[in-house]
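Trainee: I should like to understand how the descriptive terms for this model are justified. May I put my questions to you in turn?

Mentor: Please do; the structure is shown here.

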Amino acid sequence: MKPDPSFTGRARRRTTRPGVRFGDACARAVITLGGIGTIAAVLLMGVFLLSVALPLFRSASVGGPALTAIEGAEGNRPPLLALGTDESGGIGWSLDLGAGRIRLLDLADGAVVSDRPLDGSDGDLGQATALRVHPGSTLAVVGFADGSFRTATVGIESTFLPAAEVDDDARQLLVGRAIAAVDGAVLRTADDRWARIRVVAAVAGETSREVSGRIVDVDVTPLAGGPLIAAVDESGAIRVERRSTKRNMLTGKEVTKRDGTTIPPEESGASPFRAAHVRLSELGDHLWAIATDGRGKRYSIRDIDRPEVMESFDAGVGAEVTSVVRLFGGNALAVGDTAGTVRVFFTSRQPDAAAEDGLAVVVAKTFPPADPASPQAVVTLAASPRSRLFAAADASGKVRLLHSTAGADVLAVNAVAADRLASAPRILAIGGRETTLLAADERGIAAWDFDAGYPEINPRTLFGAVWYENYPAAVHAWETTGHQTFESKYGFIPLVVGTIKATLYAMLFATPVAILAAIFSSQFLHPSWRARIKPVIEMMASLPSVVLGFMAGLVIAPLVERGLAPVITGFFVVPLTLLLGAHLWQLLPTAARMRLAPWRLPIIGCVGLPAGSLASAVAAPHVERLLFGGDLRSWLDGRGGSGLGGWVIAFLPVAAIAATMVCGRLVNPWLRSASVGWHPRRAALVSLAVFIGGVALAVALAVAAGTFLDAIRLDARGGLLGSYVQRNAMIVAFGMSFAVIPLIFTIADDALSSVPDHLRSASLGAGATPWQTAIRVILPAATSGIFSAVMIGLGRAVGETMIVLMAAGNTPIMDWNLFSGFQTLSAAIATELPEAARDSAHYRVLFLAALTLFALTFVLNTVAEIIRERFRRRSHEL
Amino acid sequence: MSSDPSRRRRSAHAALAAHGEAWVWLTGGCLALAMAMIIGLLGYIVSEGVATFWPRPLELLELADGRRVLGEQTARDQAPDGGGRRLMRTANFELTGKHFEWFDDAQVKTATTPASATVVERLEGGRFHGFPTRLLHGEEVLAEGADAAWKGFETRHPEVRRRWREAWRIDKQDRGELQRRLRAARLAVVRAELNSGPESPARAAAAAAEEAIAKEVAEAERLLDGRTTELRTANDGLGLEFATGSGESVVLPMAEIVRAWQPNRLSFTDRLGVYVARWGEFLWDDPREANSAGGVFPAIWGTIAMTLIMALLVAPFGVLAALYLREYASRGPVTAAVRIAINNLAGVPSIVYGAFGLGFFCYVVGGSIDELLFRPALVADGQPTFGTGGLLWASLTLALLTLPVVIVSTEEALSAVPNSMREGSYACGASKWQTIRRIVLPRALPGIMTGLILAMARGAGEVAPLMLVGVKKLALDLPIDGTFPFVHPEREFMHLAYLIYDVGFQSPNSQAAKPMVFTITFLLVAIIALLNVAAIWIRGRLRRRYVSQQF
């Protein structure tokens, strides 16, 4: 078809040029892709937070066992074993004193890599009757049949080989496997290096021969000067000894000093106490001795020469004790008994403690038998050298991993089966990075790879009270950093309480101020004023929270600390002054009032507020004297004064409402009929009198209620009021109100002023005053908008970080005291996340906190949005 | 009037109550309170921030117990016993062990303002107050007497400072450059080893190159050493001897003196000079004394760099998402839900974005980048390059944080473009993209700019997420500087808002640092206010344009 000539004479194209078509398609693709991608990226956040936090609740998993069969012990001497692994968990070692052999095992398939006899250099280790290796080190102590005991070095040594020294056989190894080498093995580690592994087993220290019977149990803990050792012989005699090595400065010779005491076995009584297990606390201040019949004694050995019995306790609870292990950190014992129960004991400060040091041994955690229907005796226990995880084996061969902080089972395996051990394990070990579980009987060693997950975290430890080591009772606590053996406390509740406290107090202050201010600005303010004031308040919303936090923490906090009484007084006196001002205003002639009406705000701001502040400053000393025994701060600390003051403060708002109701119900109807025909000034005077009477009534009511509660010995201190610290919830509420007021104000003001004008006009036209219109017509129409404003303010307050960080003192205390510090979820994330190791329990718990905040604010905002949407539709319908 | 029968029936009290005057006053009080809060806060910040650098007179107090104290009055207060008391900045921390001291008025016998009282700002140890007595060069006395010594100091000091600055610049820039070269060579060796094995020729070549560079660097360092030694020797020995208020004599090395002035004899213009000079140092210099003195230039630079990169990241993506939502996506419940979700994300606490930034950007993305591209650094000294906080991750995190704000405001701007304009464009035969590019976007641009500027204002003041993704209390290596490749997205940086937290709450001497915090706060608030005012101004222009150009 020939194109029509246009009036310019040039041919006109009727089709779209390919360039335009292409551009359009490109733009559509790019915008669609980019838009969806961007939106997806933003929404990805929630998914990512969830993916980091969820593994916390992953259950533990365990792989199949690798079994090593070993020759039975020669002769009929019961074998004595020590077991362990290297750092990576790839290589296991066993010290078999019955057979007198040292073995290295490749734990991937259970193959014996090296097997050598104990030789002369190992000393008399082969004759040992008791052996204990300090977890996490190679320090050990061995006891012998003749009552002697010595320190020893037992364990695994691993050194990285320089690349040049790796021989060809080792180069052929798969990652994680090992081959034999001179006096040990060579292992190819996971990070692709080669490590030489050697088992050391050598008796080292001086021999102690203070007890005479066969040594049945020993324990050792390293102290600063040297090891502290405890041993018990078959007669129940206990020997504690501290070795301290000093180097002579002149000769350079090392001299080992031995201090110690022998505690003889109890002789008197029908059933004398015969200790069979001894355990030292990590710091060497306590010695626990436990007899087979379940009786236990705690000795204080602060003075090594004079051990003192502090108390006796019941470790078996009716059953016989079979195994005792000291848990990581060295403050708690796990005790297994013939009834199949494992209990965790530690000392804690108890009010009814009989011991003179005020401590008492308590049963903090009880792990019932795996199968309560047919309980099997616990045969052996082993603690992890890295955390409060420990393993327990019962007579049926079932091995359980337990966690003492969580008080929960982590996982269980059956050690006795066709491809496993033939009899119940005699000894257990947790090795690697808590990745390997070893169990051994006389004829075999079984090894499992396991992943314990995060055993210390479960909903109960997060949200329930947990009895932590050395605490007097179960508590909610958040404490995540400490020394190496510290028991981390991941109780969420103190942070949640702190968050709620910050939000609650901030909203209590900010919401009324913001909404009332919005009512005034939308209903009573001249539009030209409003156009100027609104941006100023909006500007307040964009002030960085770090500035608000700084002002709250470093400027407002010291100011309020010095003038606490005027501030508290001001909460009541300033509104009263304003009300009084309004009543005085009513005394003005109507014409003057009408003329001055646009100037009400400056009058209130420049006269009312300063007058109120002045009045509070003047009244404060009197209030302090009358209600708080002269000094508010010491009253809050609980020194001096009666409970009256606190109750009066608490009841004054209630009493004010009651007084208003009395005036509204009783006085006003009477006045309304009585005042017919009065001169307006007379009515104003009478209403001023009624107001003053109402105030007096409110105060009287509050004082009456306070006196009554004080008389029945109730005190407001300890609940909502209490000791004052400089950075507290009230300061946070002030600081936060700077952030929240503009937010609520802006949205509420928009909601109030977007109520259709015809409603307002109709109401005013029907003769209602502006106040009546505002309260009876505008406010109800805007309720949902205001509600959504409050929700959005709430969302901001919940997640606010810097203000809380700087003005709340950051102590995770759990109380509702207006004057105490606290820590919130957000502040915990801000301060602790940079230090938390990636993928550790701490890291994931903080992500859980972030996820909580995310979900909470998302829900709050969605609710607000839906309400606002409904409001918008309704106001269209109006 | 009361006899008028038409008015007799009206209840005066009911008429009064209907106006609810008391309640109106209460609402008015709340608005006035809100206004007072904001004005008071801003006024306080401005007055404190502006006054910090103004030289104030030094007072010599003679106390009843015979002590003489030279100090600057910083606060007056009611003493617990009712009399007045004053807080004096007494400085001379190394002598007295305190920077500030309270004095009751009753304690003070006389207070004078001697002309030769001098304030010294030092490199270390805080301020010093005293009277100059002698100008020394080693043992030699160059000038004696308060005025002569001061005059001598004033003539020599600029030269001393110049030498000090040069030595400092050599240490920081030239030596830093050499160290960077050395490290690059070392990393090259590690890279060669990783790529081609420990005994490969490539590694040997790299090792040889490293050796050569090490030799070169050592040579260059020797040259620099010579120059700095020369500069430092020239400064050595030059000192100004002071007598403190209590009469002790102290010699301050002149190179240690940053600035000194005698406030009591300064005229107004001189004061202004000191004031401007101190502002200049504040704006252009590196911080000293754990950030509590000196300048905040690295923080200003860091804030600007981060905010700009954030804006560059957020603008295209925000506009793309808004264009998609408004112009391309089909209207339906899904779009509505997405819109609500995006609206809500604007309300998610910033710290949550910080946690996400650390976990996702730094650890997941940065960790992968390190594994792929920066393995040598990871192996050689265990230092992550991108796997830790840095400028890029901070900007990305804040971009994500401000993205909802930009999307929402852009959408609003797009929907404010009258549909009639779009229809007109279509009617003229324009395609959809042509309409958007030529008609819709130009009209919406001011609205988009407003949103972007507001987002920048929010980003500039946000600090909680930055604490997790790359802000450091001290990072003098600027994230954007003159060394190749000019932008260092992996570097950690300083930020004004974080400086407020750090100096205000982590400083060992918080009382002395407080004025500094106020100045930083003032600066930050000024920047943000400027951005806000710009946004409001653009919004105003936008409205005017639409009023006049509506169809």
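Trainee: At what angle do helix 5 of chain B and helix 6 of chain B pack, and how far apart are their axes?

Mentor: The model is a predicted one. In it, helix 5 (residues 146-196) and helix 6 (residues 201-235) of chain B pack at an angle of about 170 degrees, with axes 9 Å apart.

Trainee: Why are helix 5 of chain B and helix 6 of chain B called roughly antiparallel?

Mentor: Angles over 145 degrees count as roughly antiparallel. The angle here is about 170 degrees, and the two helices of chain B are therefore roughly antiparallel to each other. By class, their contact has 21 nonpolar, four polar and 13 charged residues.

Trainee: What makes helix 13 of chain B and helix 14 of chain B roughly antiparallel?

Mentor: Helix 13 (residues 419-427) and helix 14 (residues 432-461) of chain B pack at about 160 degrees, with their axes 10 Å apart. Set against the cut-off of 145 degrees, this value places the pair in the roughly antiparallel class. The crossing of helix 13 of chain B past helix 14 of chain B is right-handed.

Trainee: Which residues make that contact, and how do they divide by class?

Mentor: Helix 13 of chain B contributes Met421(B), Arg422(B), Ser425(B) and Tyr426(B), while helix 14 of chain B contributes Thr435(B), Ile439(B), Val440(B) and Arg443(B). Four of these residues are nonpolar, two are polar and two are charged.

Trainee: Why is helix 5 of chain A called oblique to helix 3 of chain B?

Mentor: Helix 5 of chain A (residues 527-541) and helix 3 of chain B have axes that come within 10 Å and cross at roughly 60 degrees. Roughly parallel requires an angle under 35 degrees, and roughly perpendicular one of 65 to 115. The value falls in neither range, so helix 5 of chain A is oblique to helix 3 of chain B. The crossing is left-handed.

Trainee: What makes the contact between helix 5 of chain A and helix 3 of chain B nonpolar?

Mentor: Ile533(A), Val536(A), Ile537(A) and Met540(A) of helix 5 of chain A meet Ala34(B), Met35(B) and Ile38(B) of helix 3 of chain B. Ala, Val, Ile and Met are among the residues that count as nonpolar. The tally is accordingly seven nonpolar, no polar and no charged residues.

Trainee: How many residues do the two chains bring into contact, and which element of chain B gives the largest share of its side?

Mentor: In chain B, 87 residues are in contact with 100 residues of chain A. Helix 3 (residues 21-51) of chain B supplies the largest share of the chain B side, 19 residues. That side divides into 60 nonpolar, 19 polar and eight charged residues.

Trainee: Why are strand 4 and strand 5 of chain B called edge strands?

Mentor: The open sheet of chain B has five strands in the order 4-3-2-1-5, with antiparallel pairing. Strand 4 (100-104) and strand 5 (108-112) each have a single partner strand, so one side of each is left without a neighbour in the sheet. On average, neighbouring strands of this sheet are turned by 45 degrees against each other, direction ignored.

Trainee: How do you know that strand 1 and strand 5 of chain B pair?

Mentor: Pairing requires at least two bridges. Strand 1 (residues 59-63) and strand 5 of chain B have four, in the antiparallel sense. Glu62(B), for instance, stands opposite Thr110(B) in strand 5 of chain B.

Trainee: What makes strand 12 and strand 13 of chain A a pair?

Mentor: Seven bridges join strand 12 of chain A to strand 13 (residues 227-233) of chain A, against the required minimum of two. Asp219(A) has Ala230(A) in strand 13 of chain A as its bridge partner. These strands belong to an open antiparallel sheet in the order 12-13-14-15 of chain A. Strand 12 (215-222) and strand 15 (254-263) of chain A are the edge strands, each pairing on one side only.

Definitions and conventions:
Residues are numbered from 1 along each chain as its sequence is written. Chains are lettered from A and ligands numbered from 1 in the order in which they are written. This is a predicted model: local features need pLDDT of at least 70, side-chain atom pairs count only at pLDDT 80 or more; totals for chains, interfaces and linings use all residues. Two residues are in contact if their C-beta atoms, placed from the backbone, lie within 7 Å. Axes are lines fitted to C-alpha atoms, for helices over the stretch in contact, and angles run from 0 to 180 degrees between N-to-C directions. A crossing is left-handed if the near helix is turned anticlockwise from the far one by less than a right angle, and right-handed if clockwise.
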